Amino acid sequence: MSLFGKAVASALPAMPRRLVHSVAKRYIAGETVESALDCVERLNEQGAAATVDVLGENIETLDQAQATHDEYATLLASLDERGLDGNVSIKLTALGLHQSVEACEGHVRSLCTIAAERDNFIRIDMEDSSITQATLDLYDRLRAEHENLGPVLQAYLRRTNADARKLAEHQASVRLCKGIYIEPRAIAWRDRTAVQKNFVRVLRTLLEGGCYVGIATHDELLVYEALALVEDLELAPEDYEFQMLLGVDEEMRKILIDGGHRMRVYVPYGASWYDYSLRRLKENPEIATHVAKATLKR
């Protein structure tokens, strides 16, 4: 992780909003449903599926939670109407988790029903560690009713392999990522190699347990290790998929697609792009480095 990247990431909040947008726009599909759908269509043409996220976590009122639910309902309908290969990713704090667990669960249940009617899927994004257990508990309450629902696990948390073993008992559909939130060392691995090793360990636990795994990483070593596991376990292409962020390492994306592996790209959109961009770039200085260098060249 370069000093230049850290410097750029730290300076972002002081930059004019338009400059942050110029840095981050390749990672955001736009501010409207239409811009997100157009992005998904382009990805489909390139051989990739998508998972679409309406930006705006940590809302403050239940009215905002209802509005987020309604936006997702529109999104699911639009994906179906345009015949696009894409599901949706939701954040529980955007659906009212902090205001009312019951209301949040109702929104998730409703979206699962809407998605099922259109043969689609709901991914529950994992947020910071303060709601890890609440997220997994909500998933556990709904999984018996809705098979088209799956959580995310973060490899940098020390608890994650134990969580993976529990999810493997139900052969859950799981997205596995490293994790991007800043967490205390007591609950999260800080060393990059330790996180990489735990990612592979958790991935093996999930795959050997029969889970369908979205292997979400841009780390070439982890891609290598995942491919080796897939080969060792003699998995078919329909038993797993790779996932990547919009705008990140498009060359690796193409390599995996050309190699016959399923690929799903995370497509965020919405009016709340600014806060998302700051967090994403601050917590991933390597991304800030790539974008800043590209901006300087222009």
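How many bridges join E7 to strand E8, and which way do the two strands run? To find out, select residues 240-245, which make up E8, together with E7. Four bridges join the two strands, and they run parallel. Keep in mind as you go that this is a predicted model.

**Stop 1: the whole sheet**

Zoom out and colour the strands. Nine of them form an open sheet, in the order E4-E3-E2-E1-E9-E8-E7-E6-E5, with parallel pairing. To find the edges, pick residues 149-150 for strand E4 and 152-154 for strand E5; each of these edge strands pairs on one side only. As background, the strands of a sheet pair through backbone hydrogen bonds, either parallel or antiparallel.

**Stop 2: strand E7 and its neighbours**

Now select residues 212-216, which are strand E7. Four of the five residues in E7 are buried, so the strand is mostly covered. On one pairing, look for Gly-214, which stands opposite Glu-241 in E8. For the other, add residues 173-177: this is strand E6, which runs parallel to E7 and is joined to it by four bridges. Here Leu-176 stands opposite Ile-215 in E7.

Next, follow the chain from strand to strand. Show helix H8, residues 192-208, along with E6 and E7: these three elements make a right-handed β-α-β unit. Then show helix H9, residues 220-232, with E7 and E8, and you will have another right-handed β-α-β unit.

**Stop 3: inside strand E8**

Stay with E8 and click on Gln-243, which lies in this strand. Is Gln-243 buried or exposed? Its relative accessible area is 5%, so Gln-243 is buried. Leaving aside neighbours within four places in sequence, its contacts include Gly-214, Ile-215 and Ala-216. Also in contact with Gln-243 are Arg-175, Thr-217, Met-263 and Arg-264.

Now display the side chains of Tyr-240 and Phe-242. Both residues are buried. The model has one aromatic pair. It is made by these two rings: the centres of Tyr-240 and Phe-242 are 6.1 Å apart and their planes stand at 90°, so the pair is edge-to-face.

**Stop 4: helix H10, one face in and one face out**

Select residues 250-258 to bring up helix H10, and highlight Met-252, Arg-253, Leu-256 and Ile-257, which are buried. Turn the view until you look down the axis of H10: the buried residues fall within an arc of 135°, so they line one face of the helix. What covers them? The cover of these buried residues includes helix H3 (33-45), H9, E8 and strand E9 (263-269). Swing round to the other side of H10, where Glu-251, Lys-254 and Asp-258 are exposed. After the helix, stop at Gly-260, whose phi is positive, near 90°.

**Stop 5: strands E9 and E1**

Keep E9 in view and add residues 49-54, strand E1. E1 and E9 run parallel and are joined by six bridges. One place to look is Val-54, whose bridge partner in E9 is Tyr-269.

**Stop 6: a charge over a ring**

Select Trp-189 and Arg-158 and show their side chains. Arg-158 lies over the face of Trp-189, at 4.1 Å from the ring centre.

**Stop 7: out in the loops**

Finish with three loop residues. Asp-119 is found in the loop between helix H5 (101-117) and strand E3 (122-124). Its phi is near 55°, a positive value in a residue other than glycine. With a relative accessibility of 74%, Asp-119 counts as exposed.

Move on to Gln-171, in the loop between helix H7 (160-168) and E6. The phi of Gln-171 is positive too, near 50°, again in a residue other than glycine. Gln-171 is exposed, with a relative accessible area of 53%.

Last, go to Arg-143, in the loop between helix H6 (132-142) and E4. Arg-143 is partly exposed, at 25% relative accessible area. How far is Arg-143 from His-170, in sequence and in space? The two are 27 residues apart in sequence and 9.1 Å apart in space, C-alpha to C-alpha.

Note on methods: Residues numbered from 1 in each chain as written. Predicted model: local features only at pLDDT ≥ 70, side-chain atom pairs only at ≥ 80, totals over all residues. Heavy atoms only, no water. Phe/Tyr/Trp six-rings, centres within 6.5 Å; stacked < 30°, edge-to-face > 60°. Buried < 20%, exposed > 50% of the residue type's maximum accessible area, 1.4 Å probe, protein only. Lys NZ or Arg CZ within 6 Å of the ring centre and 35° of its normal. Pairing = 2+ DSSP bridges. Right-handed = clockwise from strand over helix to strand, strands pointing away. Arc of directions from axis to C-beta. Contact = heavy atoms within 4.5 Å.
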